[in-house]
Amino acid sequence: MIRSHHRDGLSLLTIDRPDKANALTVGMLRDLRAGVAQALDSGARALILTGAGRVFSAGADLDQARAGLATAHEWEDLSAALAALPCLTVAALNGSLAGGAFGMALACDIRLAVPDARFFYPVMRLGFLPQPSDPARLVALVGPARARMILMAGARIDAPEALAWGLVDRILPAPDLMDAARALATDALAADPAHVATIKAMTRPSRA
């Protein structure tokens, strides 16, 4: 349910469970983490993370969430690995993003979204804490008040509002999403990996 492709300096990770709104199981989280490790080992200069179908990810699979997945360490392991990559990372959000899946997008350098994407992280209502690194990354993008609107007030943010807040960087029609993500990777793919890593380090937020 995770497709992982690595070629010519570009890594592409695709969540492929569209019949379940790309809800994530512990096995899928581990496969995504393995895909990130493969990107690092292959010397990737750019990585694109996306989903199949009309939803990026509904977060944790409900059955596994009831069994403890909502608080599993695999979420934080994955977002930490993404944030630590020395290459350019682009989240191509093909649809709505919910719950723990937020961490993957927040850990990427650039976020693109389709016009009908929605963003929500209902930890207050569900009685869970967000993953440890997610609040600081969210605050760095949208500020503390808007982060509290999402995490504490349960606000559902549509794509235009997410763009205005800085939660996403561009809105693209769905047919153009992947081409736009690949276009953003063009310069990094043409560069030396050490050069990519140096500029990434120079632009890294202090609490990434």
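Student: Where is Asn-22 found?

Tutor: This is a predicted model, in which local features need pLDDT of at least 70, side-chain atom pairs count only at pLDDT 80 or more, and totals for chains, interfaces and linings use all residues. Residues are numbered from 1 along each chain as its sequence is written, while side-chain values use heavy atoms and leave out hydrogens and water. Helices (DSSP runs of H or I, at least four residues) and strands (DSSP runs of E, at least two) are numbered from the N terminus. Asn-22 is found in the loop between strand 2 and helix 1 (26–41).

Student: Is Asn-22 buried or exposed?

Tutor: Let's start with the cut-offs: buried means under 20% relative accessible area, exposed over 50%, and partly exposed in between, with a 1.4 Å probe and protein chains only. The relative accessible area of Asn-22 is 0%, so this residue is buried.

Student: What is the phi of Asn-22 near?

Tutor: Most residues other than glycine have a negative phi. Asn-22 is a residue other than glycine with a positive phi, near 55 degrees.

Student: And is Asp-8 buried or exposed?

Tutor: Asp-8 lies in the loop between strand 1 (2–7) and strand 2 (10–15). Its phi is positive too, near 55 degrees. With a relative accessible area of 61%, Asp-8 is exposed.

Student: Which residues does Arg-17 touch, beyond those up to four places away in sequence?

Tutor: Arg-17 belongs to the loop between strand 2 and helix 1, and its 13% relative accessibility means that it counts as buried. A contact, or touch, means heavy atoms within 4.5 Å. Not counting residues up to four places away in sequence, Arg-17 touches Met-1, Asn-22, Ala-23, Thr-25, Met-28 and Asp-61.

Student: How many helices and strands does the chain have?

Tutor: We have met a few of these elements already. The secondary structure of the whole chain comes to 10 helices and 10 strands.

Student: What is the radius of gyration of the chain?

Tutor: This radius is taken over C-alpha atoms, and the globule rule is 2.2 Å times the number of residues to the power 0.38. For 208 residues, a compact globule would have a value near 17 Å, and the chain agrees with that. Its C-alpha trace spans about 45 × 35 × 35 Å along the principal axes. The radius of gyration of the chain is 16 Å.

Student: What share of the 208 residues do buried residues make up?

Tutor: Among contacts with a separation of 6 or more, 71% join residues 24 or more positions apart. Of the 208 residues in the chain, buried ones make up 50%.

Student: Which residues touch the most other members of the largest nonpolar core?

Tutor: In soluble globular proteins, nonpolar side chains tend to be buried together. A nonpolar core here is a set of buried Ala, Val, Leu, Ile, Met, Phe, Trp, Tyr and Cys residues joined through side-chain atoms within 4.5 Å. The largest one has 69 residues, and those touching the most other members are Met-104 and Phe-119.

Student: Which helix gives the largest share of this core?

Tutor: The largest share is six residues. These six come from helix 9.

Student: Which residues does Met-104 touch, not counting residues up to four places away in sequence?

Tutor: Met-104 is one of the two residues that touch the most other members of the largest nonpolar core. With residues up to four places away in sequence set aside, Met-104 touches Ile-15, Leu-24, Leu-32, Leu-49, Phe-56, Leu-78 and Leu-82.

Student: How far apart in space are Leu-172 and Val-114, C-alpha to C-alpha?

Tutor: Leu-172 sits in the loop between strand 10 (170–171) and helix 9 (177–189), and it is buried because its relative accessible area is 16%. Val-114 is among the residues that Leu-172 touches, along with Leu-112, Ala-113, Pro-115, Leu-177 and Ala-180. The two are 58 residues apart in sequence, yet their C-alpha distance in space is 5.1 Å.

Student: Last one: what is the relative accessibility of Lys-200?

Tutor: Lys-200 has its place in helix 10 (residues 193–202). Leaving aside its neighbours within four places in sequence, Lys-200 is in contact with Ala-83, Leu-85, Pro-86, Cys-87, Thr-89 and Asp-109. Lys-200 counts as buried, with a relative accessibility of 9%.
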